[in-house]
Amino acid sequence: MTLKLGVIGTGAIGQEHIRRCSKVLQGATVVAVSDINLEGARAALTRLGLQAEVYANGHDVVNSPDVDALLVTSWDPTHEEYTLAAIAAGKPVFCEKPLAMTAEGCRRVVDAEMKFGKRLVQVGFMRPYDVGYRALKKVITDGEIGEPLMLHCAHRNPTVPESYTTDMAITSTLIHELDVLRWLTNDDYKTVQVVFPRVTSKSHARLKDPQIVLFETQKGIRIDVEIFVNCAYGYDIQCEVVGEEGIARLPEPSAVQMRKSAQLSTSILTDWKDRFIDAYDVELQAFINDISNGTLTGPSAWDGYAASVAADACLKAQESGAIEPVTLPPRPAFYDKA
Ligand code: NAI
Ligand code: NAD
Ligand code: ISE
């Protein structure tokens, strides 16, 4: 049976996900879309050569009898509202990160889902589906480098728009590390501190860039993450795990090495769309397959909540300059793996 999807938000990633669900993946079709920019939504469908019902209001997509499941790809502050609406309608929902703007908002989603009594939410944390991160996790869980002691990470974007502010380095960018590093180390954060180096001249008044975020985990692992969203040279994700017996590093995306004009060079990607293109395919195919099998297994509303608990502490640390505690309550049995 083909799963009929409704997509709320037809911006950059909304269009990417519409394309992959319609043209790359198996078992789904996009039947309805919505965006506050109605013309943009229509133009996106035309560009992709697709036909779907276009609604002015996202809630009409959620409640359309034609729609079996939702993708929420609108801007961050709308995620909680549409995800809660999907749960109220009893429909599975894939919500892009962050699940909500605060841990409190994520908790409302967790509580609504538990009240419904069955998992309906998958959060768009795609890195656990990336082959590189999966290989790195295997090296750690196989004990090849001994117990992890330190992680050195970087999340670099070439540039961001003027609307991107200091807090978004946490809520929209670091949120990927907040999720994937929990998964990678099978650990939770205990404290966090944010340090601001000299600001790049390529930034603007409302964005302190770069930032360094320092964590201690419950097991005592120390993690440093550099967030640098005007790094100019490319889109670059780095993760190095220092263990008791060796060091393991996230593989670079594969690229041809060139020898030319007395230079040895390898291209660096410039766009998140390309860096994680396969991971996005796999995460959404898993969402589609899991719905037809009756149980969602991907990143859960609890994972979204856990990341946002850490994000709230990071935001506090940005303001205070102090080492702030990260306090995650115990995970409810509802979110244990079947
Ligand atoms: P974008 O700005 O290109 O698209 C957002 C779209 O949402 C716009 O078309 C806007 O008109 C629409 N929108 C805003 N408010 C709305 C509302 N109330 N109802 C319906 N539509 C509304 O942004 P982009 O880059 O596509 O990001 C969208 C979401 O996806 C964000 O939450 C972002 O954090 C997430 N994202 C995730 C990535 C990942 O690697 N998983 C990569 C890029 C974005
Ligand atoms: P797993 O499913 O055995 O989970 C390992 C632990 O990590 C569990 O305790 C789980 O609760 C936790 N976890 C899972 N997703 C998390 C997240 N996003 N944030 C924090 N903690 C998380 O581990 P796995 O088999 O490595 O699967 C990891 C993800 O990859 C799952 O979402 C799974 O559905 C998916 N997956 C992908 C492929 C693939 O081929 N790409 C294959 C299997 C599973
Ligand atoms: C964007 O929303 C993403 O999710 C990208 O993966 C991230 O690299 C970027 O910084 C975010 O703004």
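These legends walk you through five close-up views of a predicted model. Local features need pLDDT of at least 70 and side-chain atom pairs count only at pLDDT 80 or more, while totals for chains, interfaces and linings use all residues. Residues are numbered from 1 along each chain as its sequence is written, and chains are lettered from A and ligands numbered from 1 in the order in which they are written.

**View 1. An open sheet of 6 parallel strands.** Reading across, the order is β3-β2-β1-β4-β5-β6. At the edges sit β3 (53-55) and β6 (121-123), each pairing on one side only. Strands here are DSSP runs (E, at least two residues), numbered from the N terminus, and two of them pair if DSSP finds at least two bridges between them. On average, neighbouring strands are turned by 25 degrees against each other, direction ignored.

**View 2. Strand β2 beside β3.** Residues 28-34 make up β2, which pairs with β3 in the parallel sense over 3 bridges. Look for S34, which stands opposite Y55 in β3.

**View 3. The surroundings of ligand 1.** There are 25 residues around ligand 1 (C-beta atom, placed from the backbone, within 6 Å). Those that come nearest are G9, G11, A12, S74 and E96. Helix α1 (residues 12-23) gives the largest share of this shell, 3 residues; helices are DSSP runs of H or I, at least four residues. By class, the shell has 8 nonpolar, 13 polar and 4 charged residues. Ala, Val, Leu, Ile, Met, Phe, Trp, Tyr, Cys and Pro count as nonpolar, Asp, Glu, Lys and Arg as charged, and the others, Gly among them, as polar.

**View 4. The surroundings of ligand 3.** Around ligand 3 you will find N157, S172, T173, H176, V229 and W272. Helix α7 (residues 168-185) supplies the largest share of the shell, 3 residues. By class, 2 residues are nonpolar, 4 are polar and none is charged.

**View 5. Helix α4 packed with helix α5.** Residues 79-88 form α4 and residues 103-116 form α5; the helices pack at an angle of about 5 degrees, with their axes 10 Å apart. Axes are lines fitted to C-alpha atoms over the stretch in contact, and angles run from 0 to 180 degrees between N-to-C directions. The two helices are therefore roughly parallel to each other (angles under 35 degrees). E80, T83, L84 and I87 of α4 meet G105, R108, V109, A112, E113 and F116 of α5 in this contact (C-beta atoms, placed from the backbone, within 7 Å).

Technical notes
Parallel < 35°, antiparallel > 145°, perpendicular 65-115°, else oblique. Contact = placed C-beta atoms within 7 Å.
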